[in-house]
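Open the model in your viewer and set it to a cartoon view. This tour goes stop by stop, telling you what to select and what is there.

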Amino acid sequence: MVTNSYSFKICVLSNAMGVSSSTVRSFRIDKSLSEILNSEAERMGISVNAMINSVLKQYAEFTRFQSKLDMLIVNREVFKSLLCRLNDDEAYNFGLEMGKDIPNDTILFWKKDITFSGVLEYIEKIVCTYGYMGTYDELNTNEYKIIVIRHRLEGKGSKFLSGFFKSLLKQTLMIDANIDVTEYSVKIKISLLE
């Protein structure tokens, strides 16, 4: 087996002040893997170091838990096709059912406790970033936390996600959030005053 010695930095935030420090690690990897890393980093317009940090972050935050959480990757078109077989009420109710226990159990296993920040991190990372359900964005005001998730699951997907998030927030945090949907987005409005 032909290998190359490949060094890169792993950056880790080290304190509450936001000062970053890094640790240098040296790995020996297959030459073919080295070529793929170089090619992919060049295609993405980033350094190999940045790409590897991203891959390791995904592993640390998600991939290492994936099999323990009994998760599998499903093609978006397959999931969209299944949702299209339901009417709007069935898609919403399916979301309510899926949001009832699965997120609570997942967050508890992942974070070891159910907290407001842990639930929001679950929505952002597990559902959106690594679950590829949509793109997460949020806005904080004095009164509300507003989360908008843009997706490509069409109208039935919005109905499903609306039910899923409604149930998830009710089951984990006892929050009855205001949720609005469009064909390709879900807007969750959580009062911060209650």
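Helices and strands here are DSSP runs, with at least four residues for a helix and at least two for a strand, numbered from the N terminus. Keep in mind that this is a predicted model.

**Stop 1: the whole chain**

Colour by secondary structure. You should find seven helices and six strands. Follow the chain along its sequence, and the pattern reads β-β-α-α-α-α-α-α-β-β-α-β-β. Now switch on the surface. The accessible surface comes to about 12100 Å², and 52% of that area belongs to carbon and sulfur atoms. The chain has 194 residues, of which 34% count as buried. Among contacts with a separation of 6 or more, 58% are between residues 24 or more positions apart.

**Stop 2: strands β4, β5 and β6**

Select residues 144-150 for strand β4 and residues 185-191 for strand β6. These two strands are antiparallel and share seven bridges. Which residue of β6 is the bridge partner of Ile 149? Click Val 186 to see that partner.

Next, add residues 178-181, which form strand β5. β5 also runs antiparallel to β6, and four bridges join them. One place to look is Asn 178, whose bridge partner in β6 is Lys 189. Three residues lie between β5 and β6, and the two strands form a hairpin.

**Stop 3: Ser 158**

Stay in this area and select helix α7, residues 154-173, which holds Ser 158. Is Ser 158 buried or exposed? Its relative accessible area is 1%, so Ser 158 is buried; the cut-off for buried is under 20%. Show its side chain. The side chain of Ser 158 reaches the backbone oxygen of Thr 182 at 2.5 Å. Then display the neighbours. Leaving aside residues up to four places away in sequence, Ser 158 touches His 151, Val 181, Thr 182, Glu 183, Tyr 184, Ser 185 and Val 186. Val 186 is familiar from the previous stop, as the bridge partner of Ile 149.

**Stop 4: aromatic rings**

Show the side chains of Phe, Tyr and Trp. How many aromatic pairs are there? The count comes to six. Zoom in on Phe 62 and Tyr 130. Their ring centres are 5.4 Å apart and their planes meet at 20°, so this pair is stacked; stacked requires planes under 30 degrees apart. Phe 62 belongs to helix α2 (residues 48-66), while Tyr 130 is in the loop between α6 (116-129) and β3 (135-140), so the pair ties together parts 68 residues apart in sequence. Phe 62 counts as buried at 3% relative accessibility. Tyr 130 is buried too, at 7%.

Now select Phe 65 and Phe 109. Here the centres lie 6.3 Å apart and the planes stand at 90°, so the pair is edge-to-face. Phe 65 is in helix α2 and Phe 109 in helix α5 (residues 102-111), and the pair links parts of the chain 44 residues apart. Phe 65 counts as buried at 10% relative accessibility, whereas Phe 109 is partly exposed at 34%.

Finish the rings with a cluster. Select Phe 79, Phe 94, Phe 160, Phe 164 and Phe 165, which ring pairs link together.

**Stop 5: charges over rings**

Go back to Phe 109 and add Lys 112. Lys 112 lies over the face of Phe 109, at 4.6 Å from the ring centre. Then select Trp 110 and Lys 111. The charged end of Lys 111 sits over the ring of Trp 110, 4.5 Å from its centre.

Key:
Residues are numbered from 1 along each chain as its sequence is written. This is a predicted model: local features need pLDDT of at least 70, side-chain atom pairs count only at pLDDT 80 or more; totals for chains, interfaces and linings use all residues. Side-chain values use heavy atoms; hydrogens and water are left out. Two strands pair if DSSP finds at least two bridges between them. Buried means under 20% relative accessible area, exposed over 50%, partly exposed in between (1.4 Å probe, protein chains only). Contact means heavy atoms within 4.5 Å. Accessible areas come from the Shrake-Rupley method with a 1.4 Å probe; for residues, only the protein chains shown count as cover. Rings of Phe, Tyr and Trp (its six-membered ring) pair if their centres lie within 6.5 Å; planes under 30 degrees apart count as stacked, over 60 as edge-to-face and the rest as tilted. A charge sits over a ring if NZ of Lys or CZ of Arg is within 6 Å of the ring centre and within 35 degrees of the ring normal. A polar contact is a pair of N or O atoms within 3.5 Å; within protein, one must be able to donate a hydrogen and the other to accept it, and residues adjacent in sequence count only if both atoms are side-chain atoms.
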